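Me: Some labels will be put on parts of this model. Please show how each one is earned.

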Amino acid sequence: MHINITTSETGNNKGSSSQLVAYLERENRIAEAQDKQYKLEYWFNHERNNSQPYEVRSGIDNNIAKLSKDDAKFFLVNISPSEKELLYLKEKFGKEGAKDYLKAYANEVMDAYAKNFKRDRVEGNQDLVYYAKLENKRYYTYKDLEVRKGMASRGDVKPGEQMHVQVIVSRKDASNTIKLSPLNNSKGTNAEHSKIVGQFDRVAFKQSAEQIFDRMFNYEREIKESFGYANAMKNGSYEQKVEFREKQRVQESGNLFQQSHSKGILEVLLDGAAKNYGPPTVDDGKRRKKKKRPGQDYDRGQQLSR
């Protein structure tokens with residue numbers, strides 16, 4: 001699960017959200033132009049599943065009390081399941097069902113987003129102003145290596161499972177009185193001070209989002225695909241890396257044990273032997289081939305009587 005928080009896909013979050021809203025409507029525009037029967041993807045949140053673009057712009061742009069022209073007015077939360085996670089949802093719920101459950105998951109992620117601020121009067125997604133948009137595809141940009149190498153063109157659809165959710169969330173809470181910035185990682189001088197100035201633990205938020213997915217969908221996550229593993233390998237100490245590698249080893253050993261009971265221990269051992277040693281090479285076969293002695297029938301393994 002990849003969770004990312006940025007200022008905006010369009011690079012500006014200090015003014016109106018209209019440019020970002022229009023950008024996130026592009027999939028609807030492209031698909032509708034190609035297929036008149038296309039089912040539009042509407043904006044949604046914890047209250048509604050059919051918000052229109054003008055409602056999104058109005059909801060975000062009018063929730064900016066006491067913000068200066070240089071203050072951020074909104075943020076973009078990108079919720080991108082891995083291809084493995086998306087295939088799991090589609091197998092479990094079907095293509096359309098996977099969309100509905102991914103939307104429900106996005107609302108739960110925004111609930112965790114609100115709680116992560118640890119602010120009085122901000123207790124869940126009902127205390128936020130946000131609008132989410134499910135997108136079925138991703139498109140190549142000039143930043144992609146494939147475009148720079150000439151293997152793809154800017155605007156081409158990327159292959160594979162690409163379904164994800166983009167969320168525009170207001171800088172101010174639903175009461176339009178409390179500033180909430182997910183880019184503020186300061187803990188303050190003490191717990192009481194943090195409640196006043198605000199804080200946001202992005203590591204804790206990403207871990208929470210991952211745990212919500214696993215709990216909601218009974219997803220058995222491998223250690224090596226967890227955020228904790230990736231974060232430790234990238235930013236962790238030597239001890240943390242060793243700890244996660246040991247967890248991975250233990251998990252893989254447990255998987256082998258379960259596999260042995262489902263397939264049969266002998267079959268698993270034979271599989272392992274095949275992987276470790278493989279079939280004999282041609283040269284090996286030649287070295288092991290015995291020269292026939294006159295009168296010996298190797299098909300029967302017996303000496304022919306004269």
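The turns below set values against definitions.

Reply: This is a predicted model, in which local features need pLDDT of at least 70, side-chain atom pairs count only at pLDDT 80 or more, and totals for chains, interfaces and linings use all residues. Residues are numbered from 1 along each chain as its sequence is written, and side-chain values use heavy atoms, with hydrogens and water left out.

Me: What makes the backbone nitrogen of serine 68 and the side chain of aspartate 71 a polar contact?

Reply: A polar contact is a pair of N or O atoms within 3.5 Å, where within protein one must be able to donate a hydrogen and the other to accept it, and residues adjacent in sequence count only if both atoms are side-chain atoms. The nitrogen of serine 68 lies 2.9 Å from a polar side-chain atom of aspartate 71, so the distance falls within the 3.5 Å limit.

Me: Why are E1 and E2 said to pair?

Reply: Pairing requires that DSSP finds at least two bridges between two strands. E1 and E2 have 5 bridges, in the antiparallel sense, so they pair. One of the bridges joins asparagine 4 to asparagine 78 in E2.

Me: Which side chains of strand E1 are buried?

Reply: Ile3 and Ile5, which point to one face; His2, Asn4 and Thr6 point to the other and are not buried. Buried means under 20% relative accessible area (1.4 Å probe, protein chains only).

Me: What is the largest nonpolar core?

Reply: A set of 38 residues, with Val77, Ile79, Tyr105, Tyr113 and Val165 having the most contacts inside it. The largest share, 11 residues, comes from H4. The term nonpolar core covers buried Ala, Val, Leu, Ile, Met, Phe, Trp, Tyr and Cys residues joined through side-chain atoms within 4.5 Å.

Technical notes:
Buried < 20%, exposed > 50% of the residue type's maximum accessible area, 1.4 Å probe, protein only. Helix = DSSP H or I, 4+ residues; strand = E, 2+ residues; numbered from the N terminus.
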